[in-house]
Amino acid sequence: MQLDEEDIENQKPQKPCSGLRKELKDCILASDCVKKFGSKPNDCLNPDAQGINENCRRVQYAFFECKRSLLDFRTRFRGRKGY
């Protein structure tokens, strides 16, 4: 019995903010910054990068907030932001 790549991903224990990380990765790779301008995905994360739409910026900010909430001890009571 052969497992698909998606099945293998679903079996792994999820890290905090992994959903937002995957969404950000997919959004950046599909952006004009990577496709049209040929920039590296890491360069497209800069605030002054061209070709990134507002939705990707929102996902980037949500990912930042999720990662920051991991360091905030108050989240023990409030829960992590993001998913």
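This is a walk through the fold of one protein chain, from its overall layout to a few individual residues.

Let us begin with what kind of model is on the screen. The structure is predicted, and the mean pLDDT of the chain is 83, with 73% of the residues reaching 70 or more. Confidence varies along the chain: helix α1, residues 5–11, has the lowest mean pLDDT of the elements at 61, while α2 has the highest at 94. Please keep that contrast in mind as you look at the N-terminal part of the picture.

Now for the layout. The chain holds six helices and zero strands, so the pattern read along the sequence is simply α-α-α-α-α-α. Of its 83 residues, 23% are buried. The accessible surface comes to about 6900 Å², and carbon and sulfur atoms account for 51% of that area. How much of the contact network joins residues 24 or more positions apart? Among contacts with a separation of 6 or more, such pairs make up 43%.

With the outline in place, we can turn to the interior. The largest nonpolar core has 14 residues, and those with the most contacts inside it are L24, I28, C33, C44, I52 and F63. Helices α2, α3 and α5 each supply at least two residues of this core. L24 is a good place to zoom in: setting aside residues up to four places away in sequence, L24 touches L45, C56, V59, Q60 and F63. Three of those partners, C56, V59 and F63, appear among the buried residues of α5.

Helix α5 itself deserves a closer look. It spans residues 54–71, which makes 18 residues, and it reaches 26 Å from its first C-alpha to its last, close to the 26 Å expected at 1.5 Å a residue. The residues buried in α5 are C56, R57, V59, F63, E65, C66 and S69. That list includes the charged residues R57 and E65 alongside others such as V59 and F63.

E65 brings us to the salt bridges. How many does a search of the whole structure find? There are two. In one of them, the side chains of R68 and E65 meet at 3.1 Å, N to O. These two residues sit three apart in α5, so they are separated by about one helical turn. Their surroundings are unlike each other: R68 is partly exposed at 45% relative accessibility, whereas E65 is buried at 10%.

The other salt bridge is in helix α2, residues 18–29. There the side chains of K22 and D26 meet at 3.2 Å, N to O. K22 and D26 are four residues apart in that helix, so about one helical turn lies between them. K22 is partly exposed, with a relative accessible area of 45%, and D26 is partly exposed as well, at 37%.

While we are in α2, consider R21, which also belongs to this helix. R21 is partly exposed at 44%, and apart from neighbours within four places in sequence it is in contact with F63 and K67. The C-alpha atoms of R21 and F64 are 9.6 Å apart, although 43 residues separate them in sequence.

The loops offer some details of their own. C17 lies in the loop between α1 and α2. Is C17 buried or exposed? At 0% relative accessibility, C17 counts as buried. The backbone of C17 also stands out, with a phi near 70°, a positive value in a residue other than glycine.

Further along, S31 occupies the loop between α2 and α3. With 6% relative accessibility, S31 is buried, and beyond its neighbours within four places in sequence it makes contact with G51 and I52. I52 is one of the core residues already named.

Our final stop is Q50, in the loop between α4 and α5. Unlike the buried S31, Q50 is exposed, with a relative accessible area of 58%. Q50 touches C33 and F37, not counting residues up to four places away in sequence. The C-alpha atoms of Q50 and D32 are 8.0 Å apart, with these positions 18 residues apart along the chain.

Methods: Residues numbered from 1 in each chain as written. Predicted model: local features only at pLDDT ≥ 70, side-chain atom pairs only at ≥ 80, totals over all residues. Heavy atoms only, no water. Salt bridge = Lys/Arg side-chain N within 4 Å of Asp/Glu carboxyl O. Buried < 20%, exposed > 50% of the residue type's maximum accessible area, 1.4 Å probe, protein only. pLDDT = per-residue confidence, 0-100. Contact = heavy atoms within 4.5 Å. Expected span 1.5 Å × (residues − 1). Areas by Shrake-Rupley, 256 points an atom, 1.4 Å probe, with all protein chains shown as cover. Core = buried A, V, L, I, M, F, W, Y, C linked by side-chain atoms within 4.5 Å.
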